[in-house]
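Dear colleague,

I am passing on the structure below, and would be grateful if you could look through it with the notes that follow it. They go through the charged pairs, two of the helices and a few single residues in turn.

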Amino acid sequence: NYAVIHFNNGLHSLGTPTEAWADALRKALKLIREKQPEAKIIWTTSTPLKDAKKTEKVKELNAAAAKVVAEFKDIATDDLFATMDPLDREEHWADPYHFKAPAKKIQAREVAEICRSAVGS
């Protein structure tokens, strides 16, 4: 049993039609809730990409996911996209998808903080 489940669903789905992707996310959330009814669930927005054009697809998926997550009423959101998007792409991205160590530390602090908050510690 898990106290907190913190997850995202997105960057490996950039080529998936948004409607199909959102439906799969809905099914995944139902399964998580069924298997872990007591867990605090935190959905995390997908982080932006180094490439601005591809980041538009990430924004589209995040918007679709936010609508799905809102259907559940008890799922919190960690907006890592908003945290990472203002950062300098050359300084903080290691490649089109992944971040360099200092940016990973920013993400880790945020994730740890929201998970601790979810369990009241």
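With which residue does R89 form a salt bridge, and how far apart are the closest N and O atoms? The partner is D85, and the closest N and O atoms of the two side chains are 2.8 Å apart. D85 is partly exposed, with a relative accessible area of 26%. Please keep in mind, here and throughout, that this is a predicted model.

That pair belongs to a wider set, since a search of the whole structure finds eight salt bridges. Another of them joins E71 to R26, whose side chains meet at 2.8 Å, N to O. E71 lies in the loop between α2 and β3 whereas R26 belongs to helix α1, so this salt bridge ties together parts of the chain that are 45 residues apart in sequence. Both ends of the bridge are partly exposed, E71 having a relative accessibility of 43% and R26 one of 22%. The two residues also take part in something broader, because D23, R26, K27 and E71 are linked in a network of salt bridges.

A salt bridge of a more local kind is found within helix α2, where K59 pairs with E56 and the closest N and O atoms are 3.2 Å apart. These two residues are three places apart in helix α2, and are therefore separated by about one helical turn. The general background is that an α-helix has 3.6 residues a turn, so residues three or four places apart point the same way. K59 is partly exposed at a relative accessible area of 36%, and E56 is likewise partly exposed, at 45%.

Helix α2 also holds T55, which presents another picture from that of the charged pair, for T55 is buried, with a relative accessible area of 2%. When its neighbours within four places in sequence are left aside, T55 is in contact with P48, L49, F81 and R89, the last of these being the residue that forms the salt bridge with D85.

Turning to helix α1, residues 18-35, its 18 residues should span 26 Å at 1.5 Å a residue, and the end C-alpha atoms are indeed 26 Å apart, which agrees with that expectation. The buried residues of α1 are T18, W21, A22, L25, L29, I32 and R33. Seen down the axis of the helix, these buried residues fall within an arc of 110°, so they line one face of α1. They pack against β1 (4-7), β2 (40-44), α2 (52-70) and β3 (75-78), while the face turned away from the buried side carries the exposed residues E19, K27, E34 and K35. K27, one of these exposed residues, is also a member of the salt-bridge network described above.

Helix α5, residues 101-118, can be read in a similar way: it has 18 residues and reaches 26 Å from its first C-alpha to its last, close to the 26 Å expected at 1.5 Å a residue. Within α5, A103, Q107 and C115 are buried, and they cover an arc of only 100° around the axis, which puts them on the same side of the helix. What covers these buried residues includes β1, β2, α3 (80-84) and α4 (89-92). On the face of α5 turned away from its buried side lie the exposed residues P102, K105, R109, E113 and S117.

Two further details concern this part of the chain. K104, which lies in helix α5, counts as partly exposed, at 48% relative accessibility, and its C-alpha is 8.8 Å in space from that of H92, although the two residues are twelve places apart in sequence. Just after α5, G120 takes a positive phi of about 75°.

Finally, a search of the whole structure for aromatic pairs finds one. The ring centres of W93 and F99 are 4.6 Å apart and their planes lie at 50°, so the pair counts as tilted, and both W93 and F99 are buried.

With best wishes

Notes: Residues numbered from 1 in each chain as written. Predicted model: local features only at pLDDT ≥ 70, side-chain atom pairs only at ≥ 80, totals over all residues. Heavy atoms only, no water. Phe/Tyr/Trp six-rings, centres within 6.5 Å; stacked < 30°, edge-to-face > 60°. Buried < 20%, exposed > 50% of the residue type's maximum accessible area, 1.4 Å probe, protein only. Helix = DSSP H or I, 4+ residues; strand = E, 2+ residues; numbered from the N terminus. Expected span 1.5 Å × (residues − 1). Arc of directions from axis to C-beta. Contact = heavy atoms within 4.5 Å. Salt bridge = Lys/Arg side-chain N within 4 Å of Asp/Glu carboxyl O.
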